[in-house]
Amino acid sequence: MPLEFAVSDFLKAFFAIFVAMDAIGNLPILYVLTKKLSAKERNKNVDKAIFIAAILLLAFLLFGTGILGYFGISFNSFRVAGGLVLLIIGLRIVLGLRLIEERAKKYELAAVPLATPLIVGPAVITVTILLVSEFGFVIPLIAAIANLIISWMILHQTELLFKILGRQGSEVIARIMGLILTALAVEFIRQGWVGL
């Protein structure tokens with residue numbers, strides 16, 4: 001594979017996962033959930049959450065396409081179905097219909113809601129499987145690792161970033177990411193529909 005195509009494919013995969021993961025948009029939720037914790041406790045929860053998220057992401061990278069094959073689901077059918085899921089999630093973000101913050105208070109932090117659904121949720125899982133079907137295993141793996149590192153860095157600086165951006169700034173970024181995710185969803189649906 002020529003280098004320019006590899007770089008282009010990586011950037012496409014990286015930004016697709018970055019938009020779906022939406023670490024900056026999740027700052028208000030993490031801030032609310034951890035504001036009573038010490039910095040050490042918050043960082044401990046973030047470290048554990050990233051570790052759990054990495055295992056989940058690796059599992060879907062390795063076995064996602066195999067699961068589709070086992071159930072006899074074509075990639076084009078999954079593109080349409082996955083695109084519809086992403087479309088709903090993207091629209092919810094754009095319209096501000098994010099209910100995770102209230103529900104999240106009922107759970108322990110690291111596994112739920114940090115690892116899933118905030119870091120690796122339905123959008124990330126769907127995007128990851130679609131990227132593996134398009135680019136193979138290596139490029140989405142590298143893109144996923146890069147995004148997990150960036151999420152780790154962002155979440156470790158939750159208090160500082162939230163003070164800089166504020167709730168409104170975080171929400172604006174989240175809405176922009178939601179709009180991009182919605183456009184990405186439409187593209188997946190279009191590709192799947194044409195393939196069918």
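Here are some worked exercises on the helices, overall size and internal cavity of this predicted model.

**Exercise 1. Work out how many helices and strands the protein chain has, and how its elements run from the N terminus on.**

Solution. Start by counting: the protein chain has nine helices and zero strands. Then walk along from the N terminus, and the elements read α-α-α-α-α-α-α-α-α.

**Exercise 2. Decide how the radius of gyration of the protein chain fits with that of a compact globule.**

Solution. Step one is the expectation: for 196 residues, a compact globule would come out near 16 Å. Step two is the value for the protein chain, 17 Å, which agrees with that expectation. To get a feel for the dimensions, look along the principal axes: the C-alpha atoms fill a box of roughly 50 × 35 × 30 Å.

**Exercise 3. Describe how α4 packs against α9: distance, angle, orientation, handedness and the kinds of residue in the contact.**

Solution. Let's recall what we need: a packed pair of helices is described by the angle between the axes and the distance between them.

- Find the two helices: α4 covers residues 75–94 and α9 covers residues 158–195.
- Take the geometry: their axes come within 7 Å and cross at roughly 160°.
- Name the orientation: angles over 145 degrees count as roughly antiparallel, so α4 is roughly antiparallel to α9.
- Add the hand: α4 passes α9 in a left-handed crossing.
- Sort the contact residues of α4 with α9: 16 are nonpolar, eight polar and two charged.

**Exercise 4. Do the geometry again for α4 with α7.**

Solution. Helix α7 spans residues 122–135. The axes of α4 and α7 lie 10 Å apart, at an angle of about 150°. That angle makes α4 roughly antiparallel to α7. As for the hand, the crossing of α4 and α7 is left-handed.

**Exercise 5. Now try α3 and α6: what are their angle, orientation and handedness?**

Solution. Helix α3 runs over residues 39–70, while α6 takes in 110–119. They pack with axes 8 Å apart and an angle of about 50°. The pair is therefore oblique. Finish with the hand: α3 and α6 make a right-handed crossing.

**Exercise 6. Find the largest cavity, give its volume and say what lines it.**

Solution. First, the count: one cavity of 30 Å³ or more turns up in the structure. Next, the volume: the largest cavity holds about 50 Å³ of space. Now go round the wall, which is made up of Met21, Ala23, Asn26, Leu30, Leu114, Leu118, Ile119, Ser151 and Leu155. Which elements give two or more residues to that lining? They are α6 and α8 (138–156). The largest share, three residues, comes from α6. Last, sort the lining by type: seven residues are nonpolar, two are polar and none is charged.

How values were computed:
Residues numbered from 1 in each chain as written. Predicted model: local features only at pLDDT ≥ 70, side-chain atom pairs only at ≥ 80, totals over all residues. Heavy atoms only, no water. Axes fitted to C-alpha atoms, helices over the stretch in contact; angles between N-to-C directions. Helix = DSSP H or I, 4+ residues; strand = E, 2+ residues; numbered from the N terminus. Parallel < 35°, antiparallel > 145°, perpendicular 65-115°, else oblique. Left-handed = near helix turned anticlockwise from the far one by under 90°. Nonpolar A, V, L, I, M, F, W, Y, C, P; charged D, E, K, R; others polar. 1 Å grid on protein atoms, 1.4 Å probe; cavity = no way out; pocket = protein on both sides within 12 Å on 5 of 7 lines; lining within 4 Å. Points joined across faces, edges and corners; volume = space filled by probe spheres on them. Rg over C-alpha atoms; globule rule 2.2 N^0.38 Å.
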